[in-house]
Amino acid sequence: MEINTMLKQKILRFSDENLPADILHGKFHRDRVLKNAELINTEVKANWDIISISVLCHDIGHRYGSENHHIKSADLTRSFLTTLHVEVPVIDEITHCILT
């Protein structure tokens, strides 16, 4: 499954709007993780759509506190992707990445 450009832009905007405004878990951190994930993926060749969306959303739960933020991040991501009509198996893969 490939995520189209318009959907990717919506997910990036969702990430931008929901990340905390700090250097530890905000946009700077997200972009650094995304760059490192891209570098690693040149070797492992995983599904980049799954990986990149997981990275974009992995810390959005920090806006609600640090404890169990990964669970909140996965829940928020699942809800958002559902509204975009992303297929459930794809959502499951993305939230699995966020949780692990």
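There are four salt bridges in this predicted model, a salt bridge being a side-chain nitrogen of Lys or Arg within 4 Å of a carboxyl oxygen of Asp or Glu. The model is predicted, so to speak of a local feature takes pLDDT of at least 70 and a side-chain atom pair counts only at pLDDT 80 or more, while totals for chains, interfaces and linings use all residues. Residues are numbered from 1 along each chain as its sequence is written, and side-chain values use heavy atoms, with hydrogens and water left out.

Among the salt bridges are these:

| Partners | Closest N to O |
|---|---|
| D49 and K8 | 3.3 Å |
| R30 and D16 | 2.7 Å |
| R30 and D31 | 2.9 Å |

Take D49 and K8, whose side chains meet in a salt bridge. D49 sits in helix 3 (residues 48-57) and K8 in helix 1, so this pair ties together parts 41 residues apart in sequence. Helices here are DSSP runs (H or I, at least four residues), numbered from the N terminus. The D49 end counts as buried at 8% relative accessibility, while K8 is partly exposed at 37%. For those words, buried is under 20% relative accessible area, exposed is over 50% and partly exposed is in between, using a 1.4 Å probe and protein chains only.

R30 has a salt bridge with D16, and that pair links distant parts of the chain: R30 belongs to helix 2 (residues 27-44) and D16 to helix 1, 14 residues apart. R30 is buried, with a relative accessible area of 4%, whereas D16 counts as partly exposed at 29%. R30 also forms a salt bridge with D31, and D31 is partly exposed at 39%. Through shared partners, D16, R30 and D31 end up in one network.

On to the rings. A search of the whole structure turns up one aromatic pair. Rings of Phe, Tyr and Trp (its six-membered ring) pair if their centres lie within 6.5 Å; planes under 30 degrees apart count as stacked, over 60 as edge-to-face and the rest as tilted. F14 and F80 have ring centres 4.0 Å apart and planes at 5°, so they are stacked. This pair also bridges distant parts of the chain, with F14 in helix 1 (residues 5-18) and F80 in helix 4 (residues 69-83), 66 residues apart. F14 counts as buried at 10% relative accessibility, and F80 counts as buried at 18%.

So how do helix 1 and helix 4 cross, and at what angle? Their axes come within 12 Å and cross at roughly 145°; axes are lines fitted to C-alpha atoms, for helices over the stretch in contact, and angles run from 0 to 180 degrees between N-to-C directions. The crossing is right-handed, the near helix being turned clockwise from the far one by less than a right angle, where anticlockwise would be left-handed. K10, I11 and F14 in helix 1 meet L76, T77, F80 and L81 in helix 4, where contact means heavy atoms within 4.5 Å.

T77, in helix 4, counts as buried at 0% relative accessibility. Leaving aside neighbours within four places in sequence, T77 is in contact with F14, C57, I60, I94 and I98.

One last ring: K72 lies over the face of Y64, at 4.9 Å from the ring centre. A charge sits over a ring if NZ of Lys or CZ of Arg is within 6 Å of the ring centre and within 35 degrees of the ring normal.

Note on methods: Helix = DSSP H or I, 4+ residues; strand = E, 2+ residues; numbered from the N terminus.
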